[in-house]
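Visitor: I have a structure to go through and would like some help reading it. Can we take it step by step?
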2 protein chains.
Amino acid sequence: MNIVMLGSGNVATHLGLALKQAGNNILQVWSRTESHALHLASKLDASAADSFDKIITDADLYIISVLDDAISGVASRLQLKKGILVHTSGTTGIEALNGSSSKTGVFYPLQTFSKQKTVDFATIPIAVQGSDRDTAETLLSLGKQISRNVFLADDKQRRAMHIAAVFACNFTNHFYTIAEEMLEQHKLDFDLVRPLIAETAAKAQAFSPRAVQTGPAVRGDEGTLKRHREFLKENSELLELYDKISTSIRKQSEI
Amino acid sequence: MNIVMLGSGNVATHLGLALKQAGNNILQVWSRTESHALHLASKLDASAADSFDKIITDADLYIISVLDDAISGVASRLQLKKGILVHTSGTTGIEALNGSSSKTGVFYPLQTFSKQKTVDFATIPIAVQGSDRDTAETLLSLGKQISRNVFLADDKQRRAMHIAAVFACNFTNHFYTIAEEMLEQHKLDFDLVRPLIAETAAKAQAFSPRAVQTGPAVRGDEGTLKRHREFLKENSELLELYDKISTSIRKQSEI
């Protein structure tokens, strides 16, 4: 397919590279910031555009990968002659694209992308939605070129996926950071918990996390909970987080 | 060394197996519950004991691996002729063993153990403490038989390690469970976030988690935060957790 990428962030970069590698032509990269457009365009052998009037109007597919709040603004500025218009957001409804093309859709890869690290797109689940059956079919086929796990999902399911991902990824990473800080404060290295992090994630690949929960909260080990609370008492914010999550684990274990 | 294991839970099991495999003799397993003592003893080619008066009194090392609250109670019942007495707890001080042996210590492997899964002990950090220099040296040597990462740590450092581990392991696993439930509620499979979990943990192996934090909270993506809050409004407990952790991420990113 002939594709125009609108956006130049992590999702646009990794998705653009995967689509190109699968044999599609990335015709153009648009970004509000010219240097960003040029940078990604050079990686994708595409032309660059930094204003809406320079955007190619007869591509097969337009992929909007910008911050959620900017999606409908970008869509409303497009004047397309043909092609499917999609966004890649977990939390934005398909209706954000209404009026900008007769064929719209969502193409949502559920993964955390960062500049620092490449990912194997084949393992990334892609949730697809189309304004009509043909569009949905086209997007499913495109997804299957780059991923082994492509499926239809509506706005609500996609939003649930996104929130699940925030808990399983963003929030867990924040806890890694809290662990890192606690160790640093006591002149200990973050390497100490790295095997534990790997093991916890590896367990979740093979088991239901509910079945393998460990720690003082699920054991009801009041002595340890008390000693941890005592240790954290000078950091009221951390203590509050500790209590909230321990309580949540307790309740979960009683279901 | 000739070793007696006091306790038969996950830590006693995995540690006992590793020590045996490294060439030590596990003489005996004691547990309050006879069937538990017999079960682990059979794995370790050891004898089993379920009362304190049957415990061998001339071993080289006694390892107490029981719930933290029970450690000092078990220690106080021992009448040893010789040998080092240690516990394996992150949060319990070495003084819990006072009066039960002239040589005491702590041998704390920082990992999450479960019956379901074997672990490679060589990668597990072991924090060691001894009541005197000789005891500390002996425990360091023993640790090095089974792990590549053995080091001295005092009570406070060990407690910081344990709390860091609770955040990095127990609490993150609980968030995996929350993700699993959210997906189930919307007829979606937990497999969807498994690649994300693996990727997030893999990133933490190579980078500082602080540097690779992603998600709406760290981006300051207010639109997404608002839509997530709207989605969660019928589950006040989850919404509260969502808000607390998003705020904590925000603050962290502003340091």
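Guide: We can go from the single chain to the pair, and then to a few details.

Visitor: Fine. What kind of model is this?

Guide: This is a predicted model.

Visitor: How many helices and strands are in chain A?

Guide: Chain A has nine helices and eight strands. Its C-alpha atoms fill a box of roughly 70 × 40 × 30 Å along the principal axes.

Visitor: And what share of chain A counts as buried?

Guide: Of its 255 residues, 51% count as buried.

Visitor: How is chain A divided?

Guide: Into domain 1, which covers 2-153, and domain 2, which covers 158-254. The C-alpha centres of these two domains of chain A are 35 Å apart.

Visitor: How many residues does each domain put into the contact?

Guide: Domain 1 of chain A gives eight residues and domain 2 of chain A gives six residues. On the domain 1 side of chain A, the residues that touch domain 2 are five nonpolar, three polar and no charged ones.

Visitor: Now the pair. How many residues of chain A are in contact with chain B?

Guide: 78 residues of chain A are in contact, and they meet 78 residues of chain B.

Visitor: Which helices of chain A supply that side?

Guide: Helix 5 (155-185), helix 6 (194-206), helix 8 (222-232) and helix 9 (236-254) of chain A each supply at least two residues to the side that touches chain B. Helix 5 of chain A gives the most, with 26 residues.

Visitor: What classes of residue are on that side?

Guide: The side of chain A that touches chain B has 39 nonpolar, 25 polar and 14 charged residues.

Visitor: What turn lays chain A on chain B?

Guide: A turn of 180°, with a shift of 0.0 Å along the axis, lays chain A on chain B with an RMSD of 0.0 Å. That is the relation of a two-fold axis.

Visitor: Which residue of chain A comes closest to the rotation axis?

Guide: A:Thr172 does, with its C-alpha at 2.5 Å. The same surface serves both copies, as 100% of the contact residues of chain A recur in chain B.

Visitor: Back to helix 5 of chain A. At what angle does it pack with helix 8 of chain B?

Guide: Helix 5 of chain A and helix 8 (residues 222-232) of chain B pack at about 105°, and their axes are 11 Å apart. Angles of 65 to 115 degrees count as roughly perpendicular, so helix 5 of chain A is roughly perpendicular to helix 8 of chain B.

Visitor: Which residues meet there?

Guide: From helix 5 of chain A, A:Arg159, A:Ile163 and A:Val166 meet B:His228, B:Phe231 and B:Leu232 in helix 8 of chain B. The residues of this contact divide into four nonpolar, one polar and one charged.

Visitor: Something else: what is the phi of A:Lys187?

Guide: A:Lys187 has a positive phi of about 60°, although it is not a glycine. Its place is in the loop between helix 5 and helix 6 of chain A.

Visitor: Does A:Lys187 count as buried or exposed?

Guide: Exposed, because A:Lys187 has 9 C-beta neighbours inside 10 Å, and the cut-off for exposed is 12 or fewer.

Visitor: Where is B:Asp45, and what is its phi?

Guide: B:Asp45 is in the loop between helix 2 (34-43) and strand 3 (47-49) of chain B. B:Asp45 has a positive phi of about 50° and is not a glycine. With 10 C-beta neighbours inside 10 Å, B:Asp45 counts as exposed.

Definitions and conventions
Residues numbered from 1 in each chain as written. Chains lettered and ligands numbered in written order. Predicted model: local features only at pLDDT ≥ 70, side-chain atom pairs only at ≥ 80, totals over all residues. Domains from an automatic or database assignment. Contact = placed C-beta atoms within 7 Å. Nonpolar A, V, L, I, M, F, W, Y, C, P; charged D, E, K, R; others polar. Helix = DSSP H or I, 4+ residues; strand = E, 2+ residues; numbered from the N terminus. Least-squares fit on C-alpha atoms with pLDDT ≥ 70 in both. Buried ≥ 20, exposed ≤ 12 C-beta atoms within 10 Å, placed from the backbone. Axes fitted to C-alpha atoms, helices over the stretch in contact; angles between N-to-C directions. Parallel < 35°, antiparallel > 145°, perpendicular 65-115°, else oblique.
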